[in-house]
Amino acid sequence: MPTQSTVESSRQPVRHLIVILGDQLDRHSPAFHGFDSERDIVWMAEVIEESTKVPVSLPRIAIFLACMRHFRDALRSERIHVDYREISLGESSLADALKSALQCHQPAKVVMVEPGEWSVRESLRAVVARHSVLLDERADDHFLCSHREFADHARGRKQLRMEFFYREMRRKHQILLDRDGKPEGGDWNYDAENRGSFGKAGPSDIPSPARFAPNPLTAQVIAEVQRRFPQHVGKLDRFDWPVTRDQALIALQDFIDHRLSHFGEYQDAMWTREPWLYHSRISAALNLKLLNPLEVIRAAELAYRSGRAPLAATEGFIRQILGWREYVRGVYWHLMPGYLDRNAMRASEPLPGLFWTAETDMQCLADSIGQTLELGYAHHIQRLMVTGLFCLLLGVDPKEVHAWYLSVYVDAVEWVELPNTLGMSQYADGGVMASKPYIASGRYIDKMSNYCCQCRYKPAEATGKAACPFTTLYWDFLIRHELELSSNPRMVMQVRNLARLTEARRAEIISAARELRQSLRVQVNGSNLST
Ligand code: FAD
Ligand code: SF4
């Protein structure tokens, strides 16, 4: 059997260097169109910067490396020549690693699918240009809305709103339409049926999701990640994510067969030590491109059409992928690079250290952050209405919030994480992603979970020893932003409630919020975890 280096030396000059990034693991991607295994080389690299520019958690590092190495091996099993740079080779950044690859292989052309992250795209383009090699950058057909289509949608609109975009996408891709081209069941949106909580009894008999015990290759990655990044947060002993396309397809089918039916009803509900509930756990597989969004949507629609899932649940699930997922990507590319610097609420507090330890007596944060560090996962409402809400109400600098979300979740990639964090959750874009700040007091968390009944704080109280920090900060947020919020028609009710407070009551709340901020400022910041 020839070794990799003897194969290399006996090869003809390289025609195309095919660049495959860690979130482009699709064998059918446009990068492989016209691929000639005699003359082309695939290039992939694990670089240190990707794990350290924000201090990435262990589950997120491990899932990327495990998926990449499985993809590499699958390509090699097709006798494709892959120049794969493992992290042990010490490549510092993608740009530097590509520079070395260009010097080594001297290809006539570099072929890549456009990177999903703005700064990666810019840096790779610059390296190729400096090396005077032709670059064939191909549009990413994984997504169902192209940059041009999104720009057409956005043109002339004063405000972007997901709902209108989503209807266009339903029509364009013929999803959940009846024979007359109208929305199935008569409505575009069944959100009103999708806001259930579990009540006092809690969830029962939720089918466990499909899990994938680490095979020898994944186990090797886990050991290496643990050894190489000892200071990074997160745990790996429960790592069971799908890391190949075959596993991702099993995970998808398992969700469709066993949990989709209740997805909508309980998609906003939370319960202590129940991280998965009826969620699909497929975001990482989608973002790394082991799954294609259209196949996921079609699988859900088929379940509805064959009577295996109700319409409200199916529509709710499809809206997340055909609607939100495509929409946030559109917003990202439409508004980058300036989007990253937005801070409409002028928030400047540091991120409290408890975000890196989960050590807090606030039960909602302890549970949501605890499972995040342990599993690299929290579902949407935990991200939006627990961790995100706390940062928004406290007034944390959106860049720090962004860095945290980007580092801790297995599905975190900037094009989807940034608009969700900075826009939807922190309202730092001043209303591009959301028509109003998603703010609520501790009462919302009490309604949607069992967290508060185990907590030493009382969600209804804004001041005093048992005051819930969310509730204190909720009123303080309204007081601090009263003027700007009063001009938002969707905030009228909340601002009107504020008018009922006496000046003395306002002063008490402001003082309680100030004390809370001071106590949180003294905690250690996780940014010193970077290696
Ligand atoms: P499910 O609840 O089963 O939903 C199904 C699928 O819909 C998901 O897999 C995902 O692909 C898609 N989806 C759902 N909500 C959204 C959304 N708001 N935006 C885009 N796609 C969505 N999602 C990421 O994929 N990566 C991120 O880095 C990320 N960061 C987030 C940060 C914040 C502050 C918030 C509020 C949300 C974030 N989301 C992110 C969206 C959402 O929370 C996750 O997609 C979801 O929790 C993943 O779990 P799941 O696969 O079980 O999803
Ligand atoms: Fe969270 Fe407040 Fe409820 Fe405690 S009382 S769990 S801090 S919302």
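In α7, residues M162, E163, F165, Y166, M169, R170 and H173 meet E315, R319, L322, G323, W324, E326 and Y327 of α13, where contact means heavy atoms within 4.5 Å. By class, this contact has 7 nonpolar, 2 polar and 5 charged residues. Ala, Val, Leu, Ile, Met, Phe, Trp, Tyr, Cys and Pro count as nonpolar, Asp, Glu, Lys and Arg as charged, and the others, Gly among them, as polar.

This is a predicted model: local features need pLDDT of at least 70, side-chain atom pairs count only at pLDDT 80 or more, and totals for chains, interfaces and linings use all residues. Residues are numbered from 1 along each chain as written, chains are lettered from A and ligands numbered from 1 in written order, and side-chain values use heavy atoms, without hydrogens or water.

Back to the helices. α7, residues 162-173, packs on α13 at about 105°, with the axes 9 Å apart. The two are therefore roughly perpendicular, a label for angles of 65 to 115 degrees.

Now the ligand. Which residues come nearest to ligand 1? They are H279, S280, R281, N287 and Y377, out of 29 around the ligand; a residue is near if one of its heavy atoms lies within 4 Å. An oxygen atom of ligand 1 is 2.7 Å from a side-chain N or O atom of Y377, and a nitrogen atom of the ligand is 2.9 Å from one in the side chain of N420. The protein buries 99% of the 820 Å² that ligand 1 exposes when taken alone, by the Shrake-Rupley method with a 1.4 Å probe. α18 gives the most to the shell, 6 residues.

How values were computed
A polar contact is a pair of N or O atoms within 3.5 Å; within protein, one must be able to donate a hydrogen and the other to accept it, and residues adjacent in sequence count only if both atoms are side-chain atoms. Helices (H or I, at least four residues) and strands (E, at least two) are DSSP runs, numbered from the N terminus. Axes are lines fitted to C-alpha atoms, for helices over the stretch in contact, and angles run from 0 to 180 degrees between N-to-C directions. Angles under 35 degrees count as roughly parallel, over 145 as roughly antiparallel, 65 to 115 as roughly perpendicular and the rest as oblique.
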